[in-house]
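User: Please present the sequence and structure. I shall then ask about selected regions.

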Amino acid sequence: MTQTVAVLGTGKIGEALLSGMIRAGWRPADLLVTTRRADREAELRDRYGVEPVTNAEAAKRADILILAVKPQDMGTLLSELGPHLGADRLVISAAAGITAAFIEERLAAGTPVVRVMPNTPVVVDEGMSVISAGRHATAEHLGHAEEIFGGVGKTLRVPESQQDAATALSGSGPAYFYFLVEAMTDAGILLGMPRAQAHELIVQAAIGAAVMLRDSGEHPVKLREAVTSPAGTTISAIRELENHGVRAALIAALEAARDRSRELASGNG
């Protein structure tokens, strides 16, 4: 871990990556950060011992640059970096909907770019980061990205053509579960439970189910069937979910998220 890494944009995702790298053994002396506000610079310096720099300084000094800015700010950032960034640097983008080609066209010819779609659970080290290589990125470059994002959860390599689907499934995925927990909490209140108790029951059920899915290796159908007794409560509930088209609604929702990701990637924001 002798390379210098710069995190450009230190919102929730950027700071989560920064703290994850330090926990994984990166030296604060090898980490640079950029931010727009002086008070934020002081906060990051005090909290992590890292050095705040300008975008131009980051381009000149860092071996690896992680672009963690908002998608709408990417064009401006690349304009600042371009004059100072050689093709021997690795650029990792964590901005939703920004293609590797968009970045490659604005930097020196041959610059290796890796596109990553993390999700918000990276802030609790349970993220899922989907990684794709740009035209000039090698397996070694992908390995660097996996080393960094692996500190805050799991990683998965996919062709960039699958990034829009991954955004729909994983990038936006936590929101679907929050929506489901919200609806089930409301149902619990309707059934006579206090909100706090209903919330606690549902959250723990979600955690337990997720761990069983992860650790058992069983198909979700088999796990569901283990809870579903003949003529019991669970099958009555599942019948209503099917009657109301919940499965079809979920498929349509994910297709809509994928299509919106495609629109953003094409610049139709």
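**A pocket and its helices**

User: Which helices each supply at least two residues of the lining of the second largest pocket?
Analyst: In this predicted model, numbered from 1 along each chain as its sequence is written, local features need pLDDT of at least 70, side-chain atom pairs pLDDT 80 or more, and totals for chains, interfaces and linings use all residues. Side-chain values use heavy atoms, without hydrogens or water. A pocket is an open set of 1 Å grid points fitting a 1.4 Å probe, with protein on both sides within 12 Å along at least five of seven lines, and lining residues have an atom within 4 Å of a point. Helices are DSSP runs (H or I, at least four residues), and those that each supply at least two lining residues are α1 (12-23), α4 (74-81) and α7 (163-171).

User: Which lining residues are the closest to the centre of that pocket?
Analyst: The second largest pocket has a volume, the space filled by probe spheres on the points, of about 770 Å³. Of its 29 lining residues, the closest to the centre are Gly9, Ala68, Val69, Lys70 and Asp73.

User: How far apart are the end C-alpha atoms of α1?
Analyst: The 12 residues of α1, at 1.5 Å a residue, should span 16 Å; the expected span uses one less than the number of residues. The model agrees, because the end C-alpha atoms of α1 are apart by 16 Å.

User: What covers the buried residues of α1?
Analyst: The buried residues (under 20% relative accessible area, 1.4 Å probe) of α1 are Gly14, Glu15, Ala16, Leu17, Leu18, Ser19, Gly20 and Met21. Their cover, by contact (heavy atoms within 4.5 Å), includes β1 (5-8), β2 (31-34), α2 (38-48), β4 (64-67) and α6 (139-149).

User: Which residue with a positive phi follows α1?
Analyst: The phi of this residue is near 115°. The residue that follows α1 is Gly25.

How values were computed. Buried means under 20% relative accessible area, exposed over 50%, partly exposed in between (1.4 Å probe, protein chains only).
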